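Student: I'd like to learn how to read a model like this one. Could you walk me through it, feature by feature?

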Amino acid sequence: MLPKMDAKTGSVADDAQGRQMFRTKPQNVSAIKDQTVILKCEVMNQSGRMQWSKNGFALGYDKSIPGFSRYEVVGNLNLGEYNLMITNVELRDDTEYQCQVLPTPGNPPLMASAYLTVHIPPDVPKIVGHKNASTIDIPYTQDEIKLECVAHNGRPAARLEWFKDGEKITTGISYRTETKPGEKLSTAISVLTYRPKFNYNDALLSCQASNDAVQGPPLETFVQLSISFPPGEPHISGYHEGQVVRINDTLHLKCVSEGGNPPALVIWYKNNKEIDRSYFTEQNKAENDLTLTVESSDNDAIFKCEASNTATVKPLVASFKLTVHFPPKKVKISGHRLAKAGQTVTLKCVSTNSNPAATITWFARGRQLPDENTQVKSSPKGGFISTSITKVNLTGNDNNVMYTCVAKNEYVVGGTSDSVTLSVLYPPASPTISGYNPGSAVHSGESAKLTCTAIGGNPLASLKWYTRGRRLDSDYKIIGNIASADLNVIIKPEDNGAIYVCKATNNATVRPLQTQIRLKVFFPPVSVNITTKPDQARAGQKYTLTCECSSSNPEAEIIWLHNSQRLQGNNLALMNGSNGGKITINILEIIPTPDDHMAVYGCRAINHAVDKSVNDGITLDILFKPVFNTLIPHKISILEDEWKSVNFSVRANPEKVRFSLWRDGRVLKLPRNFLLDDDGLLNLTKVKQKDSGDYQIKAVNKEGATFLNFTVDILYAANITHISTPVIEDEGGIAYLECIAEANPMSDNMVGWTRDSYDMSRTRQTYDKGSSSLTVYELSRTDAGTFTCSAYNGYGKVVTRVAQLIVKYPPQIDQSRQYAKAASDKGGTATLICKADGAPLITFSWSKGSAELKNSDKYNIKGTKDGDVYYTSLLEISNVTKEDYGKYLCKAKNVEGSAESEILLDGTSKPDPPYNIKFVNATHNSLTLTWQPGFNGGMTQSFRVRYRPKGTTNYKYVDVGPGSNVYLLTGLERGQEYEITMLAFNKLGESQYQRKEFIAKTSHLNPPEEHDAAPPQDSDDMPLIIILVVCIVGIFLLALNIGLIMFFIRRKRKRLETNHSLIYEPDRLRQAEFSVLPRGTAQ
């Protein structure tokens, strides 16, 4: 930090003397937020370092100021231009800046300050208490209103102006600003005091804010004034006071109130209860139309229309009283309709309300009766109620005579009536019962319908059913002069012998008339109960089961059931039971076995008359000594070093059983890898072959002991114990190889021989009890190599060992052209290659002239072996000189003989032409070529293919990179013959083309899928036929693997399936591992 100091300015003399001085000082500047501003500072004869400070804080000497991403020094520094540019100006940039030049010897420091003022547009103004575009309701009685407009966060504070409908308001305005201490943003506040008038209704008042930072139109908010005043008096049309209307007439009433702001709310009331407020407004009036269908309840009703708005102190009202003429809706006759001859019956007829009052008239036998007594009284529901009474002296001729009362209103068309029929009383005939034949039997649970019938009587008889002193519900009906009552009964056992009574009565009977029946009911037993003797059963001892059924009519038969089989018991007794039935008792005697423990014995009681039965069962608790599960295997096979759990489960009662393991007639002290728990679970872990043998499990409880014999068979994977190797024989002779393995179990063809890429059909394999022999006839040198003996018995992994077959023959040296020469420039290193095959071991020697060559600084001889009979010897000659050029002799020998070959070493040269050129595959548009490289001239060589359609003159060429002797020639025509030859080239030049061109022809067949264009292929692309062959062979080998895997899994599963349910293996137990043996191998 540099201290703030006054600016120092050099003089003209200073400039003349070459002292540093300001050419341009920074000036105060204003900027709007987000603009870019430049504070200029230029120095002449600058010698000291320059920097800017912000509010006393030094910003440093870099052009890109660290920590201030928007700050940058711009200008030509070589000319002393050190201008500070600030982009996207923010309020925090509003401060003092100083351009500073540090002193140097003979030059004092320079400092010049300027202030950056940042202008910020204010927030959109707000009218306090009112949202933008809202409406302010003002009563017409209010003298004035005050509105306050506020605009926050402006720099400088916003200018605020008021407008009415676009015209500026200049009076009644006060303005002030507020700025909080330490802050730079200000709030502007303007208060408008306004006197509203009627014609100001719907006027727009707006407040506009602006300052130097507001670009474009001012910021604005506005409200709308609404001056409220009351509406005019409401007026009703469509009815006038005193007008008479009839029921069901339709009245169209209209209530209108004009003027008012807001428009009036117009509501209809009936008897001070609101009935409609669906008004509408138009053309400065409010209207509510009421359509009314007149009802009797509207008579004398007060209909009122009220009009009001926010300016009314109380609603304005218009009303009328409605007069309605209406007839009575109905009349009703009351009084006795039943009486005996000679009695007097009084009938009263009463109308509902009517306006005016209704007149009542009586009629009987088609004649009007005299009016004896008619009275009228007011109705609380409006109108009047009329009442008339007539009296009738009954005779025998008055039965079923109809009397009618008619009520009419003289002002309304129509009337209403009511009628009654008078009856003379007499008793019915005695009742009868149908639906049951006395003495016959009905079955419990069935439904029976008993019908009681009574004929005649006035009124018809009332019929009721009873049994055991209780009244029963029945279905009563009348057909003509016959009354009947149907009784639906669900027959129960207690109905056996029950009496059902039917009683008939009417108003003319002194006592009930009655009849009855007695029921006979067949019913089955509802329960059976089994008891036992003795209380506790034991296997082999007599055990008695007793079954007793509940009451049954007729008596029930008892049978015994076990395992769906019927057992024969003996009837012990037959006794009287409830509801007149019989109780049957039957016993069953058995000698229980362990299999009867928890067995269910059932007792069934059958009533054959109703074909129904009831059952009970008992689960036997039989005490018996332990019994081993019959599914426990007697032979337990387990893989050596694996583990297995065998559940020697027993059934026993009592269930607490002790187990012990026996061997050779004695209790066995369990070895570490044998664990027998309290539940009879025997865990065998890490078993060895010595654990094989016969064992016994003894199980004991309080009832006795039981033994189970079993054998442990330890399985172990095959292991090759002997193989004959090496086997050395002469060419043309016979080789005999033997491989012996041990395993448990010993499976068929467990041991076999294989050899990769070898025709095993020329051999003979034999197998006998773990021993496999391989005989190779008519030995040739190609038979030399390793044969693999594989042993696998379905457990563990396939084990293999190899036997070496050596066929003795003298060495043969590879005379290929590419090895007949070697080349190197003088001073370089030459490598001579000599390849030979033979057996047994081949040794090489090198010589030049008569001198044998040995390893030295000049010569390095090293050899490699490829397979069983192929050998390579390399002679490296360092720092080649002219004297090193010439012929070298390579000699290969073994115990069968020797061979020699001359190799010429010369200087590097052009390569020799390739030879043995041929094509190996053809498609519709390609040919696959192969060749043998010639001598490469001592350098890396490439190849060029020349070809043309037969019979044409123009050749095409394609180059093939080094290291390849196969090429796919593409883009050819279908079914066309081509003339083809090749040359080789290296850095020193090209060989001659192979003189003899060969002819190859593309296929004339279309491909399986023809494509418009084929992508270009590289020289090492494989032809389609090769890809297809590889895919087919791969699929075949995959299928073969899957087939062999399934074969071994099934064979193992069959051996284990007899004891699968009781032998448990750990989750980690692996399936047997094995390999797919090559073709021709004995298995």
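**Reading the disulfides and a sheet**

Tutor: Let's start with one link: the torsion about the S-S bond of Cys452 and Cys502 is about -85°, so this disulfide is left-handed. Keep in mind that we're looking at a predicted model.

Student: Where do Cys452 and Cys502 lie in the chain?

Tutor: Cys452 is in strand S41 (residues 447–455) and Cys502 is in strand S46 (residues 499–505), so the disulfide ties together parts 50 residues apart in sequence. The sulfur atoms of Cys452 and Cys502 are 1.8 Å apart.

Student: Back up a second. What is a disulfide, in general?

Tutor: It's a covalent bond between the sulfur atoms of two cysteines. In a model you look for sulfur pairs within 2.5 Å.

Student: And how many disulfides does a search of the whole structure find?

Tutor: Eight. Another one is the link from Cys349 to Cys405, with an S to S distance of 1.7 Å. It connects distant parts of the chain: Cys349 sits in strand S32 (residues 344–351), Cys405 in strand S37 (residues 401–408), and they are 56 residues apart.

Student: Which hand does the disulfide of Cys349 and Cys405 have?

Tutor: The torsion about its S-S bond is about -70°, so it is left-handed.

Student: Let me try a third pair. What does Cys834 join up with?

Tutor: Cys890, by a disulfide with 2.1 Å from S to S. With -85° about the S-S bond, the link of Cys834 and Cys890 is left-handed. Cys834 belongs to strand S76 (residues 830–839) and Cys890 to strand S81 (residues 886–894), so here the pair ties together parts that are 56 residues apart in sequence.

Student: Are these cysteines buried or exposed?

Tutor: Check the relative accessible area; under 20% counts as buried. Cys349 comes out at 0%, so it is buried, and Cys405 is buried at 0% too. Cys452 counts as buried at 0%, and so does Cys502, at 0%. Both Cys834 and Cys890 are buried as well.

Student: What about Cys549, which is in no disulfide? Where is the nearest cysteine sulfur?

Tutor: That sulfur belongs to Cys547, and it is 7.0 Å away from Cys549. Cys549 has a relative accessible area of 2%, so it is buried.

Student: Now for sheets. How do strands pair, in general?

Tutor: Through backbone hydrogen bonds, either parallel or antiparallel. For a case here, take the open sheet of four strands with the order S39-S41-S45-S44, where the pairing is antiparallel. Its edge strands are S39 (432–434) and S44 (475–479), each pairing on one side only. Neighbouring strands of the sheet are turned by 25° against each other on average, ignoring direction.

Student: How many bridges join S44 and S45?

Tutor: Five, in the antiparallel sense, with S45 covering residues 482–490. Lys477 stands opposite Ser484 in S45.

Student: And a residue in a loop, say Asn749? How accessible is it?

Tutor: Asn749 is in the loop between strand S69 (735–744) and strand S70 (751–754). Its relative accessibility is 38%, so it counts as partly exposed. The C-alpha atoms of Asn749 and Asn393 are separated by 130 Å, with their positions 356 residues apart along the chain.

Student: Last one: what feature does UniProt place at residues 913–1005?

Tutor: The unreviewed UniProt entry gives "domain: Fibronectin type-III" there. In the model, the span 913–1005 is 0% helix and 51% strand, and its end C-alpha atoms lie 34 Å apart.

Conventions. Residues numbered from 1 in each chain as written. Predicted model: local features only at pLDDT ≥ 70, side-chain atom pairs only at ≥ 80, totals over all residues. Heavy atoms only, no water. Helix = DSSP H or I, 4+ residues; strand = E, 2+ residues; numbered from the N terminus. Buried < 20%, exposed > 50% of the residue type's maximum accessible area, 1.4 Å probe, protein only. UniProt positions renumbered as here; feature names shortened; annotations may be inferred. Pairing = 2+ DSSP bridges. Axes fitted to C-alpha atoms, helices over the stretch in contact; angles between N-to-C directions.
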